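Welcome to a short tour, made to be followed with your viewer open. Get ready to select residues as we go, and pause wherever you like.

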Amino acid sequence: MAKKAQKGTNKKGTTRTPDQDGFLKKIQLGIFFLGALLYANTLGHEYTQDDAIVIYDNMYTTQGIKGIPGLLTKDTFFGFFKVEGKSRLVQGGRYRPLTPVMFALEWQLVGRSPWLGHLVNIILYGITGVVIFQLLHWLGRFSQFAKQALPFAIAGTVLYLVHPLHTEAVANI
């Protein structure tokens with residue numbers, strides 16, 4: 001015996017069926033894959049720009065998990081220059097341990113191979129697209145244009161994902 005679709009109500013009192021929720025999940029999955037596919041070509045890219053300072057020439061990052069205590073207690077530049085005081089090259093120094101710790105974990109898993117860093121960026125970009133879609137859809141449902149919330153959320157998210165402004169942020173580790 002087939003189950004009946006149960007209707008639920010949202011805060012505005014309108015009903016939504018599980019079919020609508022399934023449709024939204026398909027849209028979110030499509031958005032994730034759009035964001036991921038746009039940058040899938042970066043999986044074969046190499047390291048670039050300042051990656052030597054924070055990844056492959058950093059004495060803490062290249063130790064993998066063993067280097068994490070050094071990353072948590074020293075300026076990011078220390079692992080590259082290996083002397084105190086170089087943090088003054090940039091106003092305020094560069095104590096930002098989260099990203100170098102992530103690089104150390106990646107190094108632990110795959111060594112000097114940038115594909116994992118690119119894969120992480122691709123996945124995070126796809127997730128960002130889904131979060132933006134959910135936010136725009138949620139905000140739109142509480143506006144006077146609630147009936148256009150879904151197309152607005154899709155259009156806004158797609159515009160965000162395909163905009164070339166994000167290329168450097170996603171393509172570079």
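A residue is called exposed when its relative accessible area is over 50%, buried when it is under 20%, and partly exposed in between. Keep that scale at hand, and bear in mind that this is a predicted model.

**Stop one: a loop residue**

Select Q49, which sits in the loop between α1 (18–38) and α2 (51–56). Is Q49 buried or exposed? Its relative accessibility is 60%, so Q49 counts as exposed. Check the backbone here too: phi of Q49 is near 45 degrees, a positive value in a residue other than glycine.

**Stop two: helix α3**

Next, pick T73 in helix α3, which spans residues 68–73. T73 is exposed because its relative accessible area of 61% is over the 50% cut-off. Now add Y95 to the selection and draw a C-alpha to C-alpha distance: T73 and Y95 are 8.5 Å apart in space, with their positions 22 residues apart in sequence.

**Stop three: two sides of helix α6**

Colour helix α6, residues 115–141, and click on H137. At a relative accessible area of 11%, H137 falls under the 20% limit and is therefore buried. Which residues does H137 contact, leaving aside its neighbours within four places in sequence? Show L24, A149, L150 and A153 to see them.

Stay in helix α6 and move to V131. V131 has 46% relative accessibility, so this residue counts as partly exposed. Add I123, L124 and I127 to V131, and you have a nonpolar surface patch of about 320 Å².

**Stop four: an enclosed space**

Rolling a probe the size of a water molecule over the atoms shows where empty space is left. How many cavities of 30 Å³ or more does the structure hold? There is one, and the largest cavity has a volume of about 70 Å³.

To bring up the lining of the largest cavity, select Y47, I55, F103, E106, W107, V110, G111, S113, P114, L116, G117 and I173. Which helix supplies the largest share of this lining? Helix α5 does, with four residues. Both α5 (98–110) and α6 supply at least two residues each, so colouring these two helices is a handy way to frame the view.

**Last look**

Finish by showing H137 and V131 together: in helix α6, H137 is buried, while V131 is partly exposed.

Notes:
Residues are numbered from 1 along each chain as its sequence is written. This is a predicted model: local features need pLDDT of at least 70, side-chain atom pairs count only at pLDDT 80 or more; totals for chains, interfaces and linings use all residues. Side-chain values use heavy atoms; hydrogens and water are left out. Buried means under 20% relative accessible area, exposed over 50%, partly exposed in between (1.4 Å probe, protein chains only). Contact means heavy atoms within 4.5 Å. Patches are made of residues with over 30% relative accessible area and no salt bridge: like charges are joined within 9 Å, nonpolar side chains (Val, Leu, Ile, Met, Phe, Trp, Tyr) within 5 Å. Accessible areas come from the Shrake-Rupley method with a 1.4 Å probe; for residues, only the protein chains shown count as cover. A salt bridge is a side-chain nitrogen of Lys or Arg within 4 Å of a carboxyl oxygen of Asp or Glu. On a 1 Å grid over the protein atoms alone, a cavity is a set of points where a 1.4 Å probe fits but cannot get out, and a pocket is an open set with protein on both sides within 12 Å along at least five of seven lines; lining residues have an atom within 4 Å of a point. Grid points are joined across faces, edges and corners, and a volume is the space filled by probe spheres set on the points.
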